[in-house]
Amino acid sequence: MPYLAFITVVWALSFNLIGVFLAGHVDSDFAVLSRVAIAGLVFLPFTRWAGISTVRKLGTMAAGALQFGITYLCLYRSFQFISVAEVLLFTIFTPIYITLLDDLLQRHFNPRALAAALIAVLGSLVIRYNHIDSNALNGFLLLQLANITFAAGQVGYRYLNKYYPDQQPQSASFGYFFLGALLVALPSFLIFGNASKLPQNMEQFAVLAFLGLAASALGFYWWNKGACLVDAGTLGAMNNMHIPVGLMINLIFWHQAQDIPRLIIGGAIMLIALLINKSAWRKKH
């Protein structure tokens, strides 16, 4: 849980930095590619090319391609069709996908995990409910693809570590995660990237460096490490905690008006989801 909680704050801050300094100014494909490249370079010295099973290499690459590459490319593109508020609203479906995918892999129905995920979704709806324009279907579908691939990458990596354990530390094989993301992000930039919208000032370069080092290298490593230590219900609930945290950061540092009562109520509901799930998990184990 500490890993997930810390990265929740990092990613909530990252969302605000992207919205303030990058969105509409820096090409989204380049932004994703730069994050992948920086994070990959961080893990390059730790990556072992021998002594790692082929299944673990390919599985980790697949998780990176899904959870980082496809997810972020779809996420950035969704802003072309829907507003920031709608993007935040539509991300609440991720816990449901995590629960369903986890149940599918385990071949059974887990009402505890589903209940925790649904309560977390309710909390997010309280905070971020807005009228959804019926013309936003393209943005909705893009973001649902992002949510599904983000969920699939997390669940897949958990199962990879469960059924294909390795004697090496996780850092020895996690470089393959960013290699998988690179195989998606690089072709996308070469095909769709806009070279006229590269970073132009030190602020933008600094934000990209932070996103690459903290939000991507440390962020994905600790998030996936934490995902392997909790059950699916807790993981699903934690996937929505970035919404209240992100709103609080936005309010404190950029002073944008927020509905404080709804923020408090929604955050409390998601906290209840985590407590209910944790209590049920302790009774079961």
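**Helical architecture and buried polar contacts of the predicted model**

The protein exposes about 13,300 Å² of surface, of which carbon and sulfur atoms supply 70%. The coordinates are those of a predicted model. Buried residues account for 51% of the 285 residues in the protein. The secondary structure consists of 12 helices and 0 strands, so that the order of elements from the N terminus reads α-α-α-α-α-α-α-α-α-α-α-α. Among contacts between residues at least 6 apart in sequence, 91% join residues that are at least 24 apart.

An unreviewed UniProt entry places the feature "transmembrane region" at residues 33-51, 81-101, 113-129, 141-160, 172-193, 205-223 and 260-277. Two of these spans were examined in the model. Residues 33-51 are 58% helix and 0% strand, and the end C-alpha atoms of this span lie 28 Å apart. For residues 172-193 the helix content is 82% and the strand content 0%, with the end C-alpha atoms 32 Å apart.

Helix 3 comprises 25 residues, from 54 to 78. The distance from its first C-alpha to its last is 34 Å, close to the 36 Å expected at 1.5 Å a residue. Helix 3 nevertheless contains a kink of about 35°, centred on Ala65. Gln67 also lies in helix 3. With a relative accessibility of 0%, Gln67 counts as buried, because the cut-off for that class is under 20%. Leaving aside residues up to four places away in sequence, Gln67 touches Tyr72, Thr149, Phe150, Gly153, Gln154, Phe177, Phe220, Trp223 and Asn224.

A search of the whole structure finds 2 salt bridges. In one of them, the side chains of Arg77 and Asp29 meet with an N to O distance of 3.1 Å. Arg77 belongs to helix 3 and Asp29 to helix 2 (residues 28-43), so this pair ties together parts that are 48 residues apart in sequence. Asp29 is buried, its relative accessible area being 2%. Another salt bridge is formed by Arg158 and Asp102, whose closest N and O atoms are 3.1 Å apart. Since Arg158 is located in helix 7 (residues 137-163) and Asp102 in helix 5 (residues 94-106), the pair ties together parts that are 56 residues apart in sequence. Both Arg158 and Asp102 are buried.

The loop between helix 7 and helix 8 (175-192) contains Pro165. Gln167 has its place in the loop between helix 7 and helix 8 as well. Pro165 has a relative accessibility of 61% and counts as exposed, because the cut-off for that class is over 50%. Gln167, at 83% relative accessibility, likewise counts as exposed. The C-alpha atom of Pro165 is separated by 9.9 Å from that of Ser53, a residue 112 positions away along the chain. For Gln167 and Ile52, which are 115 residues apart along the chain, the C-alpha separation is 9.2 Å.

Conventions
Residues are numbered from 1 along each chain as its sequence is written. This is a predicted model: local features need pLDDT of at least 70, side-chain atom pairs count only at pLDDT 80 or more; totals for chains, interfaces and linings use all residues. Side-chain values use heavy atoms; hydrogens and water are left out. Helices (H or I, at least four residues) and strands (E, at least two) are DSSP runs, numbered from the N terminus. Buried means under 20% relative accessible area, exposed over 50%, partly exposed in between (1.4 Å probe, protein chains only). Contact means heavy atoms within 4.5 Å. Accessible areas come from the Shrake-Rupley method with a 1.4 Å probe; for residues, only the protein chains shown count as cover. UniProt positions are given in the numbering used here, feature names are shortened, and annotations may be inferred rather than shown by experiment. The expected span of a helix is 1.5 Å times one less than its number of residues. The bend at a residue is the angle between axes fitted to the seven residues ending there and the seven starting there. A salt bridge is a side-chain nitrogen of Lys or Arg within 4 Å of a carboxyl oxygen of Asp or Glu.
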